[in-house]
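Let's take a look around this protein, one pocket at a time. Keep the 3D view open and turn it as you read.

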Amino acid sequence: MPDSKKPCAGAMKLIDLGAQQDRIRRQIDKAIARVLDHGQYIMGPEVGELEAQLATFSGAKFVLTCASGTDALTVSLMAAGIGRGDAVLCPAFTYTATPEAAVLLGASPVFVDIDEQTFNVSLEGLEAGIQTAKQNGLRPAAIIAVDLFGLPADYRKLEKFASDRSLLLICDAAQSFGASIGSRRVGAFGDVTATSFFPSKPLGCYGDGGAILTNNESIARLCDSIRQHGKAKGADKYNIERVGLNARLDTIQAAVLLEKLAIFSEEISVRSAVASRYTAGLQSSVIAPYETADARSVWAQYTIRVDSAIRDSVIEKLKRDGVPTAVYYPRPIHVQAAYSSFPRAGTGLAVAERASAEVLSLPMHPYLDADQQDYVIDRVRAAVRG
Ligand SMILES: *Cc1c(COP(=O)(O)O)cnc(C)c1O
């Protein structure tokens, strides 16, 4: 192993947005200056340009940017007419935003367990969730699958599962934009995909942002209207045909994203190389993240599992050694006060509960050099040895 001295180049970060900014600051400054020059702060030309480039990148036919990943989910559910009496099946191990929109629209989430290896929603759990929904007098209407930590959910199986049961399949790709399964990229799965450009996501802006991606033209049209207060297509903004939201992406954020998208493919390759180096160094000491030949994660997080009895002490030791870590998520959604009264799939949520007690995310970004990666590996191995 390399010697275990701290690498001296500044404090290590879990996600280093500063290193990326140093690389592209000049381009970002110019891009923002162009927006200040033309002055079209809302739905300016950069918004359409970004949507076209995101469509090319992902393979989705239609892309509608919006103000956040949460808005992308909300607008998608509104376009699908989800509301009172509807059950929306969601994994219990996710960020709060996943079930939030369903509740705000009067629908009920039904929490479903995850797969032990992938951390993504389990098909057996979904089957049980459908029964639970019916027992609670709810109409099973939609699945929100989450691509946790950047690994796409098992969409080949999920697409069939959903269409066999006439359920809408919404992909919460807030953490996975840029990931793929075979030759298909995230954005082209399910009925509609919601992603986030929150600063720390793999493709992030300098504020809040998000996008809806779909191959379905009627969903796209509805989402386009809903994100702009429900205005009629092609009409002026005082011609309103439905109740909508103010959920547009700012032109300045679109300009920032265009510069970041230009280096995104390269960043994805580097993320993947970092993950491979971590896994090679760590897999004999901890449970390393699951990988398949088929599904390629975008590594929003590199998340290991350690025995719950030692996790706190591992975190403490790594902190002392200058290695930042985070726990995503320390509590599954169904035990949060705001969500504890919603139905849980009959087979239980034991896998999600255990994951919450064992997960630990390590520094992961495309600007970690080999010495830093080796240092992280060395310190994690030492920390779990005791
Ligand atoms: C970040 C995130 C969201 C919400 O995105 P925002 O842009 O912060 O609104 C939704 N779902 C998941 C799984 C996320 O990680």
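## The second largest pocket

The second largest pocket has a volume of about 390 Å³. It's lined by 20 residues, and those closest to its centre are Asp 115, Thr 118, Ala 153, Asp 154 and Lys 157. Keep in mind that you're looking at a predicted model here.

Which helix gives the most to the lining of this second largest pocket? That would be α6, with three residues. In sequence, α6 covers 155-164, and α5, which covers 123-135, also supplies at least two residues of this lining. Sort the lining of the second largest pocket by class and you get nine nonpolar, five polar and six charged residues.

## The largest pocket

How do you spot a pocket at all? Rolling a probe the size of a water molecule over the atoms shows where empty space is left.

Now move over to the largest pocket, which holds about 470 Å³ of space. Its lining is made up of 25 residues, and Tyr 95, Gln 175, Phe 198, Lys 201 and Tyr 329 are the ones closest to the centre. By class, this lining breaks down into 12 nonpolar, 10 polar and three charged residues.

Two helices to look for here are α3 and α4, since each supplies at least two residues of the largest pocket's lining. The largest share comes from α3, which puts in three residues.

## The ligand and its neighbours

So what takes up space in the largest pocket? It's the ligand: the space it takes is that very pocket. Two elements, α3 (69-79) and α4 (97-104), give two or more residues to the shell around the ligand. That means α3 and α4 turn up both in this shell and in the lining of the largest pocket.

In total, 16 residues surround the ligand, and the closest are Gly 69, Thr 70, Asp 172, Ser 196 and Lys 201. Lys 201 also belongs to the residues closest to the centre of the largest pocket. The shell divides into six nonpolar, eight polar and two charged residues.

## Polar contacts with the ligand

Zoom in on three of those neighbours. Ser 196 places a polar side-chain atom 2.6 Å from an oxygen atom of the ligand. With Gly 69, the backbone does the job: one of its polar backbone atoms is 2.7 Å from a ligand oxygen. Asp 172 uses its side chain, with a polar atom 2.8 Å from a nitrogen atom of the ligand.

How much of the ligand's surface does the protein bury? Taken alone, the ligand exposes 380 Å², and the protein buries 93% of that.

## Two backbone details

Go back to Tyr 329, one of the residues closest to the centre of the largest pocket. A cis peptide bond joins Tyr 328 to Tyr 329, with omega at about 5°. You'll find Tyr 329 in the loop between α10 (311-320) and α11 (350-358).

The other detail is at His 229, in the loop between α7 (217-226) and α8 (251-261). Phi of His 229 is near 60°, a positive value in a residue that isn't glycine.

Technical notes: Residues are numbered from 1 along each chain as its sequence is written. This is a predicted model: local features need pLDDT of at least 70, side-chain atom pairs count only at pLDDT 80 or more; totals for chains, interfaces and linings use all residues. Side-chain values use heavy atoms; hydrogens and water are left out. A residue is near a molecule or strand if one of its heavy atoms lies within 4 Å of it. A polar contact is a pair of N or O atoms within 3.5 Å; within protein, one must be able to donate a hydrogen and the other to accept it, and residues adjacent in sequence count only if both atoms are side-chain atoms. Accessible areas come from the Shrake-Rupley method with a 1.4 Å probe; for residues, only the protein chains shown count as cover. On a 1 Å grid over the protein atoms alone, a cavity is a set of points where a 1.4 Å probe fits but cannot get out, and a pocket is an open set with protein on both sides within 12 Å along at least five of seven lines; lining residues have an atom within 4 Å of a point. A molecule sits in a cavity or pocket if more than half of its atoms lie within 2 Å of its grid points. Helices (H or I, at least four residues) and strands (E, at least two) are DSSP runs, numbered from the N terminus. Ala, Val, Leu, Ile, Met, Phe, Trp, Tyr, Cys and Pro count as nonpolar, Asp, Glu, Lys and Arg as charged, and the others, Gly among them, as polar. Grid points are joined across faces, edges and corners, and a volume is the space filled by probe spheres set on the points.
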